[in-house]
Amino acid sequence: MIGIDVVEISRVALRPSFITYILTEDEQKELETRHTEKAKKEYIAGRFAVKEAIFKATQDKNYLSYACLNEEKTNRPYIKDHPEINVSITHDGGIAAAVVEIL
């Protein structure tokens, strides 16, 4: 199964209620390492796109509970506790896009 989604970065709000709605606790910790507003919005938009893509591929109504983190050495995104899901995220032209592949 494959899922894809895009998010317009400018629509991302840096309000705590929005952040806690979209991001898991682990993702919120990674967000704290982003130091500019642009980097924070890109991170949130990318994670939201990943979760929407997961929903499209799986129809799992708990899609917001999936944590998309970055590997420490390579910075490559992965889905915590779900090695069967491959993920790719990109940001360009004010858009964050994500593709997930369920193996």
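Two strands count as paired if DSSP finds at least two bridges between them. Keep that in mind for what follows. One caution too: this is a predicted model.

Let's start with a pair. Strand 4 and strand 5, residues 95-102, are antiparallel partners, joined over eight bridges. Who faces whom? Val-87 is opposite Val-100 in strand 5. Thr-90 is opposite Ala-97 in strand 5.

Now the turn. Strand 4 and strand 5 form a hairpin, with two residues between the strands. Look at Gly-93 there. Gly-93 has a positive phi, near 55°.

Next, the other partner. Strand 1 also pairs with strand 5, again antiparallel, over seven bridges. Here Glu-8 sits opposite Ile-95 of strand 5.

Put the pairs together. The result is an open sheet of three strands in the order 1-5-4, with antiparallel pairing. Which strands stand at the edges? Strand 1, residues 2-8, and strand 4, residues 85-92. Each has a single partner strand, so one side of each is left without a neighbour in the sheet. How are neighbouring strands turned against each other? By 15° on average, direction ignored.

And what holds strands together in general? Strands of a sheet pair through backbone hydrogen bonds, either parallel or antiparallel.

Last, the helix. Helix 3 covers residues 37-58. Which strands does helix 3 lie across? Strand 1, strand 4 and strand 5. Against strand 5, helix 3 runs at about 35°.

To recap: the order is 1-5-4, and helix 3 lies across those strands.

Definitions and conventions. Residues numbered from 1 in each chain as written. Predicted model: local features only at pLDDT ≥ 70, side-chain atom pairs only at ≥ 80, totals over all residues. Heavy atoms only, no water. Helix = DSSP H or I, 4+ residues; strand = E, 2+ residues; numbered from the N terminus. Axes fitted to C-alpha atoms, helices over the stretch in contact; angles between N-to-C directions. Contact = heavy atoms within 4.5 Å.
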